[in-house]
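Q: Could you take me slowly through the largest pocket of this protein, and then show me one pair of helices for contrast?

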Amino acid sequence: MVAVKSRTQKNRLSLPGRTDKRIDALLSLLTENTTIVISGAQIAKEIGVRRQTVWRWIETLRAAGVKVKGHPRTGYHIERAADVLAPKLLARGLRGTPFAKHIFHFFKVDSTNTVAMRLGEEGEAHGTVVVAEEQTSGRGRAGHSWHSEKAAGIYVSILLRPQISPMLAPALTLVAGLAAYDAIAEESGLRPDIRWPNDVLLKGKKVCGILTEMQAEPDRMHFAVIGIGINVNQTKMPNDLASIATSMRMETGRVHSRLELLARLLRHLDRYYNQFIAEGAAPILRRFAEVSSYFEGKRVRISTSTDNFVGTTAGLEPMGILRVKRDDGKIESVISGMVAEAE
Ligand code: BTN
C-alpha cells in the first residue's frame with residue numbers, strides 16, 4: 001500500500017533547487033510585455049521581492065539562455081519569447097489536461113525521474129510534471145546515462161497513477177513513445193521511426209529516449225514515472241554518441257521551440273493515455289504497427305540480461321511485448337532488452 005500524505009505532510013517535502021514561483025512570475029511578466037521596458041522597481045513590486053533579487057534572478061534567466069535586455073537603472077525587456085520550460089508559460093499550452101496543475105521546474109537537477117519517483121512516494125497527484133533545463137545525472141535504460149546539455153533538450157518526467165495491472169506496463173511504455181513520435185513529427189515536419197519499445201529515431205539515429213519506472217505490487221500499479229528525453233536544439237552530439245544519436249535541429253537545420261514541443265508532447269500523451277485507459281492496449285498496438293518499421297519483418301539483434309541473438313520481428317503480443325522469430329523458427333517474447341537493427 002502506498003500512503004497518500006496529507007497536504008501538511010506534502011509541504012514538508014524539501015526539493016532543493018526547485019525554481020522559485022516568483023522567478024516563474026518574473027518570466028511570465030517579461031514574456032507578456034516584450035514590447036515594453038519594465039523598471040526593476042515595478043517588477044519588484046509586481047512579484048513581491050526586493051530590487052536586488054530581481055537583478056539576481058535576471059542573471060539566472062540570462063544564464064539559462066533568455067535574452068533579457070536592459071539593466072537595473074533603466075529597466076528590462078526581452079526581445080522574443082523565452083524558451084524556458086517554466087510552469088506558467090508551459091501551463092498555457094496544457095489547459096484541459098491533468099498536466100497543467102502541478103509542474104515542478106528546475107534550472108538544474110540530478111534527474112527528473114529521481115525527483116518524480118520521490119514525489120510519487122510522497123503521494124503527489126496523477127499528472128504531476130517534473131521538468132529541468134539541465135540534468136547532472138540523467139538516467140537512461142539499462143544503466144546508461146542520458147546526455148542532458150543545458151537548455152538544448154527536453155528533460156521531463158510525468159507521474160501517472162493508472163489503475164491497471166503491472167502486466168500492462170509494456171503498453172503504457174508504448175503510449176509514451178507514440179506521444180513523442182507525434183510531437184516530433186509535427187514539430188520537425190519529418191517522418192520519424194520508433195524502435196521498440198519507444199526510442200524515437202530521425203534518419204535512423206536516436207532523437208528521443210524514454211525511461212519508465214514504477215512502484216507496484218504483483219497485481220496493482222501504485223504509480224509510474226515516464227521520463228522522456230528529447231534532443232532538440234543541440235548542434236552536435238558528443239563523440240561517443242555521434243554515430244547513434246542526433247537532435248531535431250541537426251536534422252532540420254532549424255531551431256525548435258522546446259516550450260511548444262513539450263506542450264505538444266504532453267497533449268499527445270494525454271490523448272493516447274486516455275485512449276489506453278478507455279479502450280485498452282489494442283488501439284495503441286495498431287498505431288505502433290502503423291508508425292514503427294520495427295513492428296514486423298525487421299532484422300534485429302536483441303540483448304537481454306540473459307541472452308543475445310539475431311532474429312526478425314514478428315509483431316507484438318496483446319500487452320505490447322515484442323515477438324522475435326529466431327532463424328531456427330522459434331518465436332521469442334522480448335519483455336525488456338535492447339533492440340538494434342542487425343546488418
Ligand atoms: C533511454 O535510455 O533511452 C532513456 C532515456 C531517458 C532520459 C530521460 S531525460 C528525463 C528523465 N530523467 C532521467 O534521468 N531520465 C529520463
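A: Here is a walk around the pocket, followed by a short stop at two helices. The model is predicted, so local features need pLDDT of at least 70 and side-chain atom pairs 80 or more, while totals for chains, interfaces and linings use all residues. Residues are numbered from 1 along each chain as its sequence is written, and side-chain values use heavy atoms, without hydrogens or water.

The largest pocket has a volume of about 880 Å³ (the space filled by probe spheres set on grid points joined across faces, edges and corners). A pocket here is an open set of points on a 1 Å grid over the protein atoms alone, where a 1.4 Å probe fits, with protein on both sides within 12 Å along at least five of seven lines; lining residues have an atom within 4 Å of a point.

In this pocket, 41 residues form the lining, and H144, S145, W146, K206 and I244 lie nearest the centre. β8 gives the largest share, five residues. At least two residues each come from α6 (112–121), β5 (153–160), β8 (205–217), β9 (220–231), β10 (296–303) and β14 (338–341); helices are DSSP runs of H or I, at least four residues, and strands runs of E, at least two, numbered from the N terminus. By class, the lining has 16 nonpolar, 16 polar and nine charged residues (nonpolar: Ala, Val, Leu, Ile, Met, Phe, Trp, Tyr, Cys, Pro; charged: Asp, Glu, Lys, Arg; polar: the others, Gly among them).

Now the helices: A171, L174, V175, L178, Y181 and D182 in α7 meet I284, L285, R287, F288 and V291 in α10, with contact meaning heavy atoms within 4.5 Å. That contact has nine nonpolar, no polar and two charged residues.
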